[in-house]
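Here are my notes for you on this one, written as numbered points. Have the viewer open and work through them with the chains in front of you.

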Amino acid sequence: MAILFAVFSGFVLALASPWLTQYTGRATGWVYGLLPAAITGTLATLVGEVAAGETLRVSYAWVPGLNVNLSFYVDGLSLFFALLITGIGTLIYVYAGGYLKGHHHLGRFFSYLSMFMAAMVGLVLADNLITFYVFFELTSFASFVLIGFNHDEAPSRRAAWQALLVTKAGGLALLVGFILMQQATGTFQISAILESGDLIRQHSFYLPIVLLVLAGAFTKSAQFPFYFWLPNAMEAPTPVSAYLHSATMVKAGIYVMARFHPVLSGTDLWMWVVGGIGALTMLLSAWLALQYTDMKAILAYTTIMALGLLTMLLGLGTEVAVEACMVFILVHAFYKAALFMVAGAIDHEVHVRDITKLGGLWTRMPVTGAAAALAALSMAGIPPFFGFVGKELIYEAATHFDPATVAVTVVSVLANVALVASAGLLVVRPFFGELNDVTKHAHRPDAGLWFGPVVLAVFSVGLGLAPGLLDAAFLGPSAGTVLGASIAPHLALWHGFTLELGLSAVTVAAGVGTYLAWTALRTNTAFQQLERWLGTGLDHGYDNVVDGLLGVGRWQTSVLQSGVLRRYLSTVLGTTIVLVGAAFYHYGFFGGPISVADVRPHEWVLAILSVVGAFGTLFFRSRIGLITSLGVSGFGIALLFLAFGAPDLAKTQFLIETLTVILVVLILTTVSSVEGTLTASQKATNGAVAVGMGVVVSGLILAVLKLPFENPMGDYYAQNTYVEGEGHNIVNTILVDFRALDTLGEITVLLVAGFGIYALLRTGTAPDPNAEHEPPPEDASAPIEQAEQTQQVP
Amino acid sequence: MSAHLLLILPLIIPFVAAVAALLFARWPTVQKGINIASMGGILAASLGLLSRITEQGIQVTTIGDWPVPFGIVFVVDHLSVVMLIVSAIIGVAVAVYAVPDVDDARVRFGFYPFFNLLMIGINGAFLTGDLFNLYVWFEVMLISSFVLIVLGNTDEQLAGAVKYVVINLVSSLLFLSGVGLVYGMTGTLNMAELSLALSEVGQPGLVTVVAMLFLISFGIKAALFPLFFWLPASYHTPPASVSAFFAGLLTKVGVYALFRVFTLLFTQDVGYTHTLLLWGAGLTMVTGVLGAAVQNDFRRVLSFHIVSQIGYMIMGLALYTPLAILGGVFYIVHHIIVKANLFLVSGVAKRLRGSFRLKSLQGLYAYHPWLATLFIIPAFSLAGFPPLSGFWAKLILTIAGIETGAYWIVAVAVAVGLFTMFSMTKIWVKAFLPGGGGEMADAVSSMGLGTRVMYVPIAGLAALTIMISVFAGPVYDLAERSADELYNSSEYVEAVLNHEESAADAGPRPGVDGRPGRVHAR
């Protein structure tokens, strides 16, 4: 029950929100915040059981034929994430209520936000790969509508679309990876798969599974080279950014790697790919974070840095590394959510986020400033804040890792140096110094805007002072699940004078130095060039890929869908020639040499007449000549029917040929001749197609005629026409009795044709009320459209 | 109700309705009522058939009571009944939608009779168990759909319709040639008997060569690469009601025919024929989706997507395992509902904004949030977004592809899925979100009663899509039954050929006595 409440209540609120907001009005944030708070409370009651090693699960059959169930389970890892999502979610709800107070679409916003939260909760609690994937993609959808919430602005639309496509691409890879996992283990149930680590690692699908699952995780968690979508996503309203960066969306990728760590890790492949990409991402984004002056941009790149760090730690995969990963997830969530909310509050009150323009806000927003300062100190890893605990653990993991100890350590220190500097930029610049023209009119923010940061700051301090609280309840069960082992970690603020402490001191000193040198670093042209490659460069790369594919699409469509009927027909008939010809080539030709001895003289004459008629069409330029020539061919065939004893058939053919010639001649007397529009090569193509069709059809007939033919059908009709059908003419009886339904259908065809012609003639000159009167399209597909439209009836 | 009557009702009802509508040619309102009743009746009859075959297995009846294989048989298995039901659902939806959408001029010139006659062709194709009879229904479909496309007689419609009819006539020609050759090899047209007889032809290779004609003929109908040109050339020209109906059903009759003949008749060398189909499927997916991605007209995007989606269905047939065929059938069901609905949405958008061009539609979301919501459901379903119906269809096919080891087609299918997402969200971004132009604000039109009526079938089909998504299990089971019957065609063959025995056991045909005076009448 607790699980279902946790997963589905958010969706219910999502449905009800547009309607419910009318009643909650200005208090919406506080009222709605009760839901995530309640979920957090409900989940918190499970902590004891889970810490004791129990797992809770619910499961419903969804598509039994595929063994797909809608199933959830709670273990140490999923509970850890679920609490983080709903806990931070509570604060985000309150904050969003203040941030978007009086917004026209507040109900819609909370609808999306609730979907986002519920999807994340469903994702982390899922116990079936398909259930997992469903929620994974729902987070993509929710972030799509949330990032594009301000869709009046072009960057917002672009960012939303980009985020969706990039994460969807990864999602599809993830899905295929999941299916391969199912193929390897025979089940979609995650808890069962987690026990088949050896099976998967030794399976021939192991390599594709790892690469595909990581593609899903890396796109979602903004790892190199996919991270470009995340900075763009800051176009979202700030509450969304705060949530998306701290506890949801990007953490889904981390969760994927953590969740499947027991079955996928433990190989060199995993270590080098995950650890390597994580380290690379961390290093690049640490650098990029220092290149921007927009508070949200700095925050976005430090998020990527944090994600890189978490990824690297999961790649290292040692016990300390995984513990460090879990602790840093919390550390990062606390300070990142707080600082994003602070950035949003400043934006809300001052309408500026550029740290070079802000200053002295301390006097205007003291509570916000205090919370920001505490969060930043945690970010910078200053004792006694929680961030310090996390950083010590990271350094311990780095210095104890083998191989590449030095590299891992150096990379970790460099990233933390950037964190220290960024923390300074985010707090010192806006809040300290003198008030200026930009900031002097700032208002004091509502309680809703500072409530979240304050709570998170308190957590950062409290957990820094007493990190041991996490040991048994959270860290042990979650890290234990990731490692697939039972562990008893001990977090502490003070470890004595260790190597890690020394590194911390170096980090802080270097960080302060970097902070002081920030302006020089940022304006250095060489460094700016680097930013253009790595930051906007990748973003442009995305554009180039999309444009390139669209270019291919445009080209192939203009070739295929040319609008020229002649070309369409040659393609269709050409395909026929090729396929039939290829099949003959493959199976051999079954026909034999034609015996001309049996052919009677008058048959020769008629056959030649038909052929001459057909070839005659090549030489006539006038329409009358053409149609007469075709008529000759048709009459020749009709006479052949007669010669072979099918008078009914011949009669029909005569009628049709006569009528066709008469009608066409009547209509075409007004039109003089066929315009000579065909070039020589077009004529050659037409000729080749015509001859080709003639050859393959003749081949088919010759081959079939070689087979013995029994005619039970003919015998039956002959015997039963009079006896059963009470008819005197077999053909008539076949038409109106044995196969009367066919005749009914063909009569219907005639009827429709008649009525259709009537309708066409009657509406011929009337303007179409539905017709569109628009200027010619100027867009890319214009040539195609015009070709399609100007190709008229001959 | 007798099985015989139940089997022919899906033909009789639209036939009667077509005649009745002709009689009331000058009373459009009456015609609209007749049409809705007709489609509803077909749906009821089809559901009745479903419950019948669930209880009693494959149903067979002979037309005119001539014994198998000398007369024409109707055979209804799970695939047939699923197709009948889904078509009837689209029929009902379009019948309601057409009430405000189709103008009185078109109604006076026979829109509703043609609509019902088209339905006869479609239902006949699903019902028949006779190869030549199938050809006849294809002809009925072709001429009725041609008239529906040109009704209104604008230059654009005529240009599209000429390509439509010429290329489809080539299809008919090849089909007819194929039927002739098959008859020449076996001396029968009954598909159940053909299923056995074609395996006994002295030259099995020749059967496969002849199968190429059917592949191309039905490939044209189904809009496979490189035979699909007629579709994007014509589907964007008629009123939305017509294009929605066509988009949902016409190509799927071609797909149905491919499923039927390439499971029942032409399985002599699956390694050859179905490999060919698989290549066709892959190329169809890719070329269709690339075509769609570059279009800037609502219905043109959708039209190219039909092509692309056909590839997925044929992929199911081509992989030729029970699971793959199941996926194909699931895909057909899902696709018909979703695709028709998207065309219906485009029609409402056109009505509100006076255009199908994405640029002219921009900002729909701000003023018509419900339309936007109703677009999102089928659009994301089409793109295979979980847990919507399209996701399940693609999931089954992906699993089937991986199980078969056909990794390249899985890769293609997945990549095309991403592109589908791209073009569906392109419609969203360009047509539903504001584009920053000045023309938006003053182009807002209010909703009349007619538009509200048009929302009803759209909401209904969207609800159905959600039902299929949430209750994917039962749909899966239905598709599984269909696929099993297709894969093990002996069930079909026995049902038809045993019907012959039971008829023979019944002694002299009662029809002889029941039709006195015919000789005198001559």
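1. Start where the two chains meet. Keep in mind that this is a predicted model. On the chain A side, 96 residues are in contact with 99 residues of chain B. What sort of residues does chain A bring to the side that touches chain B? They divide into 55 nonpolar, 23 polar and 18 charged.

2. Now look at chain A by itself. You should find 34 helices and 2 strands. The radius of gyration of chain A is 38 Å, while the globule rule gives 28 Å for 794 residues, so chain A is more spread out than a compact globule. Its C-alpha atoms fill a box of roughly 115 × 60 × 55 Å along the principal axes. Of the 794 residues of chain A, 49% count as buried. Take the contacts in chain A with a separation of 6 or more: residues 24 or more positions apart account for 78% of them.

3. Chain B gets the same checks. It has 24 helices and 2 strands. Its radius of gyration is 23 Å, which agrees with the value near 24 Å that a compact globule of 522 residues would have. The C-alpha trace of chain B spans about 80 × 60 × 40 Å along its principal axes. Of the 522 residues in chain B, 68% count as buried. For contacts in chain B between residues at least 6 apart in sequence, 80% join residues at least 24 apart.

4. Next, some helix packing. Two packed helices are described by the angle between their axes and the distance between the axes. Try helix α5 (residues 106-125) and helix α6 (residues 129-147), both of chain A: their axes come within 8 Å and cross at roughly 155°. An angle over 145 degrees counts as roughly antiparallel, and α5(A) and α6(A) are therefore roughly antiparallel to each other. Their crossing is left-handed. Click through the residues that make the contact, including Tyr112(A), Phe116(A) and Leu123(A) from α5(A) and Phe132(A), Phe136(A) and Leu146(A) from α6(A). How do the residues of this contact divide by class? There are 14 nonpolar, 3 polar and no charged ones where α5(A) meets α6(A).

5. Here's another pair to try in chain A. Helix α7 (residues 154-185) and helix α10 (residues 206-220) pack at an angle of about 150°, with their axes 7 Å apart. Are they parallel or antiparallel? α7(A) and α10(A) are roughly antiparallel to each other. α7(A) passes α10(A) in a left-handed crossing. Among the residues that meet are Val166(A), Gly170(A), Leu174(A) and Met181(A) in α7(A), and Pro208(A), Leu212(A), Phe218(A) and Lys220(A) in α10(A). By class, the contact of α7(A) with α10(A) has 13 nonpolar, 6 polar and 1 charged residues.

6. Finish by zooming in on a single residue, His348(A). You'll find His348(A) in helix α17 (residues 319-350) of chain A. Why does His348(A) count as partly exposed? It has 19 C-beta neighbours inside 10 Å, and a buried residue needs 20 or more. Leaving out residues up to four places away in sequence, His348(A) touches Tyr99(A), Pro445(A) and Leu449(A). Check Gly98(A) too: His348(A) and Gly98(A) are 250 residues apart in sequence and 9.8 Å apart in space, C-alpha to C-alpha.

How values were computed. Residues are numbered from 1 along each chain as its sequence is written. Chains are lettered from A and ligands numbered from 1 in the order in which they are written. This is a predicted model: local features need pLDDT of at least 70, side-chain atom pairs count only at pLDDT 80 or more; totals for chains, interfaces and linings use all residues. Axes are lines fitted to C-alpha atoms, for helices over the stretch in contact, and angles run from 0 to 180 degrees between N-to-C directions. Helices (H or I, at least four residues) and strands (E, at least two) are DSSP runs, numbered from the N terminus. Angles under 35 degrees count as roughly parallel, over 145 as roughly antiparallel, 65 to 115 as roughly perpendicular and the rest as oblique. A crossing is left-handed if the near helix is turned anticlockwise from the far one by less than a right angle, and right-handed if clockwise. Two residues are in contact if their C-beta atoms, placed from the backbone, lie within 7 Å. Ala, Val, Leu, Ile, Met, Phe, Trp, Tyr, Cys and Pro count as nonpolar, Asp, Glu, Lys and Arg as charged, and the others, Gly among them, as polar. The radius of gyration is taken over C-alpha atoms; the globule rule is 2.2 Å times the number of residues to the power 0.38. A residue is buried if 20 or more other C-beta atoms lie within 10 Å of its own, exposed if 12 or fewer, and partly exposed in between; C-beta atoms are placed from the backbone.
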